[in-house]
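Morning, everyone. Please pull up the structure and keep the sequence next to it.

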Amino acid sequence: MAATSAGPRLQALRRKELARSYEDGGEHYDRIRPGYPADAVHWLFEGITGPAAVAGAQVADVGAGTGKYTRLLVAAGYRTTAVDPSADMLGQLRQGLPDVPVMVGTAEATGLPTASMDAVTVAQAWHWCDPIAASTELARVLRPGGILGLVWNQLDVSVPWVHRYSRIIHAGDVLRPGFRPVVGPEFLPQASHTSAWTQQMTPEDLMELAKSRSYYLSANEVTRAKVLANLTWYLFDHLGYQPGQPLDLPYLTLSWRVVPSAAVPPLDHG
């Protein structure tokens, strides 16, 4: 029995260790990490019923970080509260969104009042959460009929040069085909959507992007130097990019609309 339980326990410890690598460095993260396409937010809320369908609905963006997804929610007209465990990240969010209320908290313990939100979004953060405990907490926070949006940005590894780049930087959040987010019994995924888009970068930006990843942040100096040396060879020698050369980095944004499990129609892949 001890051997059986060790796996999940070790996974949880490793998840917490990697998540702690984002407790500071908010300015660098905000500058180099991608945002999200507006259609990812529009899809999440379009064609739904319930409190989240009302103009000006209240939304908690949990794991908001520096506000990459929060900005889209605000631009779409939602009354948004940002929740994140990192005060440093929230400090960056405040600079760009001074009118958005912020709270230091986690998906497992948001600090939000019961039945206070019409929707909750978790963008690029669900893999850092305990999905069972987080589901219980977010179900508590949502009003009846509310929705949960789970969102991932990932490199489009169907493009060969991007696939090799992702291997060099150990991009662990590239989801497997057929991936479906794990949620607690309070919820079930109702529908999913994929947005394909690109972010203009330079080779130097790609080096900095590697430095923002949890693998690099939690690595020792020897491993960091190896990653940067491999990238220098790959980007400049192998691919032949010039310093400062503009290039398009392809991304996919994968979104799931998750609803209370009491009434769930079949999963629809949009």
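Let's begin with helix α3. The cover over its buried residues includes β1, α4, β4, β5, β6 (187–201) and β7. Which residues of α3 are buried? They are Ala40, Val41, Trp43, Leu44 and Phe45. One caution before we go further: this is a predicted model. After α3 comes Gly47, and its phi is positive, near 70°.

Stay with Trp43 for a moment. The charged end of Arg257 sits over the Trp43 ring. The distance to the ring centre is 4.5 Å.

Next, the aromatics. How many aromatic pairs does the structure hold? Eight. I'll take two of them in turn. To describe such a pair, you give the distance of the centres and the angle of the planes.

Pair one is Tyr36 with Tyr69. Centre to centre, they are 5.1 Å apart, with 90° between the planes. That makes the pair edge-to-face. Where do the partners sit? Tyr36 is in the loop between α2 (26–32) and α3 (38–45). Tyr69 is in helix α4, residues 68–75. So the pair ties together parts that are 33 residues apart in sequence. Buried or exposed, this Tyr36? Its relative accessibility is 12%, so Tyr36 counts as buried. Tyr69 is buried too, at 2% relative accessible area.

Pair two is Trp152 with Trp256. Here the ring centres are 5.6 Å apart and the planes stand at 90°, so this pair is edge-to-face. Trp152 belongs to strand β5, residues 142–155, and Trp256 to strand β7, residues 247–260. The pair therefore ties together parts 104 residues apart in sequence. Trp152 is buried, with 2% relative accessible area. Trp256 counts as buried at 5%. Add Phe179 to these two, and you have one aromatic cluster.

Now the nonpolar cores. The largest has 25 residues. Which of them touch the most other members? Val62, Val120, Val122, Trp126, Leu148 and Leu150. And what supplies this core? At least two residues each come from β1 (58–62), β4 (117–123), α6 (131–141), β5 and β7.

Zoom in on Val122. Leave aside residues up to four places away in sequence. Val122 then touches Val62, Leu138, Leu148, Gly149, Leu150 and Val151.

There is also a second, separate core, with 24 residues. Among them are Tyr165, Ala210, Val227 and Leu231.

Last stop, helix α7, residues 160–168. Two residues here. His163 lies in this helix, and so does Ser166. How does His163 count in terms of accessibility? It has 35% relative accessibility, so His163 counts as partly exposed. The cut-off for buried is under 20%. Ser166 has a relative accessible area of 5%, so Ser166 is buried. What does Ser166 touch, beyond residues up to four places away in sequence? Leu155, Val157 and Ala171.

One more distance for His163. From His163 to Val174 is eleven residues in sequence. In space, C-alpha to C-alpha, the two are 9.7 Å apart.

To recap, briefly. α3 has its buried residues covered by elements including β1, α4 and β7. The Tyr36 and Tyr69 pair is edge-to-face. Trp152 and Trp256 share a cluster with Phe179. The largest nonpolar core has 25 residues, and a separate one has 24. Over to you for questions.

Conventions. Residues are numbered from 1 along each chain as its sequence is written. This is a predicted model: local features need pLDDT of at least 70, side-chain atom pairs count only at pLDDT 80 or more; totals for chains, interfaces and linings use all residues. Side-chain values use heavy atoms; hydrogens and water are left out. Helices (H or I, at least four residues) and strands (E, at least two) are DSSP runs, numbered from the N terminus. Buried means under 20% relative accessible area, exposed over 50%, partly exposed in between (1.4 Å probe, protein chains only). Contact means heavy atoms within 4.5 Å. Rings of Phe, Tyr and Trp (its six-membered ring) pair if their centres lie within 6.5 Å; planes under 30 degrees apart count as stacked, over 60 as edge-to-face and the rest as tilted. A charge sits over a ring if NZ of Lys or CZ of Arg is within 6 Å of the ring centre and within 35 degrees of the ring normal. A nonpolar core is a set of buried Ala, Val, Leu, Ile, Met, Phe, Trp, Tyr and Cys residues joined through side-chain atoms within 4.5 Å.
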